[in-house]
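Biologist: I am new to this structure. Please take me through it, and give the reason for each term you use.

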Amino acid sequence: DSIIGGLFQGQFDGNGYSIKNLSIDTNWATVHNIGLFSQIDGAAAVMKNVALENANIQALGSNYVGGLVGYSTAGSTTTNCYSTGTISGRTCTGGLVGRTSASSVTNSYSAAAVICGNMGAAGGLVGYAVGSITNCYATGDTTGGGNYTGGLVGQGSSVVIQNSYATGSVNGTSAVGGLVGGYFGAGNIINNCYATGNVNGVGGVGRVGGLVGFANNITVTNCYATGSASSAGTYVEGLIGYKANGSVANCYSTGSASGTTSIGGLIGLNLGGSGVNNCYATGAANGTGSVGGFIGNNASGIITNSYATGAVTSSGAAGGFAGLNTGTIDATNFWDTEKSGQASSAGGTGLTSAQIDAGQGTTGWDTTVWNLNCGKPELAWDENQNVMSVKINEQANSTSKYSMKYLGLDFNVAGGLNIDLSTASSALSAISTIDSAIEYLSGKQAILGANLNSLSGMLNSNSKKHDNLLSATSLLRDTDMAVESAKLMQQKIKQSMTTSILQQSKALHSNSIYQLLNL
């Protein structure tokens with residue numbers, strides 16, 4: 001069983017100390033809620049500042065298995081905690097928490113490897129989540145034998161995930177995602193999140209996504225995925241494999257997607273909702289059925305102000321932007337006819353690489369969302385993004401440690417400059433192309449300069465903090481020396497007084513004896 005069983009309804013503060021080499025090994029199918037704490041319950045229940053290192057939990061017959069907490073319910077909170085090691089369970093298995101229900105996980109992470117049986121819901125941080133996850137990440141590999149496997153969360157229902165990411169590889173059957181395996185219910189939100197690990201699924205229906213495998217009634221904003229997504233089944237994409245209702249905005253994917261049908265650079269199958277807006281995909285899409293550089297099958301719903309530049313291959317319905325479309329994909333969307341290898345698409349406008357690099361196709365696009373001043377469109381929120389690195393006893397805020405995601409060094413002019421100087425007209429065109437490239441480079445240099453200035457400012461700030469710390473340490477040492485010096489002087493005064501008293505006493509006694517002898 002767990003180390004601390006039953007309901008825990010108080011506060012546990014680890015004070016930054018580490019609990020090392022926790023081992024739980026049980027094969028009892030009737031024993032559930034496995035972790036250092038079996039179950040925490042209620043708004044007063046708080047886990048904080050707990051470090052769980054090199055845990056080894058083997059509970060393949062149990063439900064709700066986590067490194068720190070098996071089951072977190074009724075408003076309980078887990079904050080500023082982390083786990084490493086290996087966590088194995090039957091269902092609802094997470095690196096830190098097995099299942100949350102109307103509870104929150106904040107400023108926490110897991111580097112544990114997670115293995116879940118064929119009942120599903122395996123997540124690098126939380127197996128099954130209901131509530132909220134904020135400022136968290138997972139870096140371990142996640143393997144699920146059933147449905148719903150995700151790098152951060154296996155399965156979510158009415159859960160809000162913000163400012164979080166996952167970097168481990170994810171392997172499962174159906175509904176597999178780099179960040180979340182599957183989403184159900186209302187109020188599902190993913191905001192400012194990303195996934196970089198490779199994602200693989202098997203089975204007749206893959207529903208594999210670089211960010212989310214299966215999504216129902218979900219709002220996704222300011223997110224991206226970079227790992228490859230592959231499956232022997234359908235609904236495979238760089239960001240979301242299968243989307244039913246909900247919306248996707250200001251997102252992108254750079255990873256490849258491969259499967260059978262409904263394969264897309266950003267979305268595999270879209271079944272409607274309030275739309276897909278201001279997004280792009282640059283990864284390759286490969287399959288045997290409906291395959292598109294941006295979306296494999298837009299069954300319903302509206303797509304606007306988006307583009308795709310990845311290669312598209314299929315023995316079936318293939319399109320540079322969309323493979324199939326019975327919804328709405330208007331002319332505000334475009335694809336690269338040269339890189340995709342596709343001259344046609346079920347929606348959108350085809351442009352050459354040079355036209356895209358020159359900024360064509362973006363008329364009417366929102367300049368507060370897009371940076372349209374340096375060639376190929378880029379999302380404004382992404383250019384100066386910082387990646388938080390939450391550590392134990394360290395709050396995820398503006399003063400926390402972080403690393404720059406990148407410094408704006410994407411100087412690739414896709415497809416080359418395509419310069420032709422054979423005629424006067426082509427030479428004039430070449431000048432225009434070179435001017436556009438120079439403008440693009442100048443924009444990148446400005447971004448680099450701004451980021452370097454920001455980095456220099458932070459280095460100066462850290463240097464001042466270091467100097468202040470040294471000064472404080474020196475002051476403490478000087479204070480200690482003053483105290484010890486005072487003690488030494490006190491001892492010398494006492495010693496001097498004692499010597500003086502002894503001498504006076506000796507003289508007094510000697511005079512008394514002389515007086516007696518004279519008598």
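Modeller: Start with strand β25, residues 188-191. There, I190 is the bridge partner of I161. The model is a predicted one.

Biologist: What makes β20 and β25 a pair of strands?

Modeller: Pairing needs at least two bridges between the strands. β20 and β25 have 3 bridges and run parallel, so they pair.

Biologist: Which strand do 4 bridges join to β25?

Modeller: That is strand β30, residues 218-221, and the two run parallel. In β30, T221 stands opposite N191.

Biologist: How do you know that β24 pairs with β20 and with β29?

Modeller: The same count of bridges is used. Between β20 (residues 153-162) and β24 there are 4 bridges, in the parallel sense. One residue pair here is Q155 with its partner G182 in β24. Between β24 and β29 (residues 212-216) there are 2 bridges, again parallel. V180 has V212 as its bridge partner in β29. The threshold is at least two, so 2 bridges are enough for β24 and β29 to pair.

Biologist: Why is β24 called mostly covered?

Modeller: Strand β24 spans residues 180-184, and 4 of its 5 residues are buried. Buried means a relative accessible area under 20%.

Biologist: F184 is in β24. Why is F184 called partly exposed?

Modeller: Its relative accessibility is 25%. Partly exposed covers the range between 20% and 50%, so F184 falls in that class.

Biologist: Which residues does F184 touch, leaving aside its neighbours within four places in sequence?

Modeller: F184 is in contact with Y148, Q155, G156, S157, S158, F214 and N216. As for I218, it is 34 residues away from F184 in sequence, and their C-alpha atoms are 8.2 Å apart.

Biologist: How do you know that the structure holds 0 disulfides?

Modeller: A disulfide needs two cysteine sulfur atoms within 2.5 Å. For C193, the closest cysteine sulfur is in C223, at 4.9 Å, so this is too far for a bond. For C116, the closest one is in C92, at 7.4 Å, which is also too far. The count for the structure is 0.

Biologist: Are C116 and C193 buried or exposed?

Modeller: C116 has a relative accessible area of 5%, under the 20% limit, so C116 is buried. C193 has 1% and is therefore buried as well.

Biologist: What makes T100 buried?

Modeller: T100 lies in strand β11, residues 97-101. Its relative accessibility is 3%, which is under 20%, so T100 counts as buried.

Biologist: Which residues is T100 in contact with, beyond four places in sequence?

Modeller: They are S72, V105, V126, Y128, A129 and V130. Contact here means heavy atoms within 4.5 Å.

Biologist: What makes the nonpolar surface patch, and which helix holds I493?

Modeller: M489, I493, M497 and I501 make the patch, which has an area of about 410 Å². I493 is in helix α4, residues 424-518.

Biologist: Why can I493 belong to a surface patch?

Modeller: A patch residue needs over 30% relative accessible area. I493 has 45%, so I493 passes that cut-off. The value of 45% is not over 50%, so I493 is called partly exposed rather than exposed.

Note on methods:
Residues numbered from 1 in each chain as written. Predicted model: local features only at pLDDT ≥ 70, side-chain atom pairs only at ≥ 80, totals over all residues. Heavy atoms only, no water. Buried < 20%, exposed > 50% of the residue type's maximum accessible area, 1.4 Å probe, protein only. Patch = residues over 30% accessible without salt bridge, like charges linked within 9 Å, V, L, I, M, F, W, Y side chains within 5 Å. Areas by Shrake-Rupley, 256 points an atom, 1.4 Å probe, with all protein chains shown as cover. Salt bridge = Lys/Arg side-chain N within 4 Å of Asp/Glu carboxyl O.
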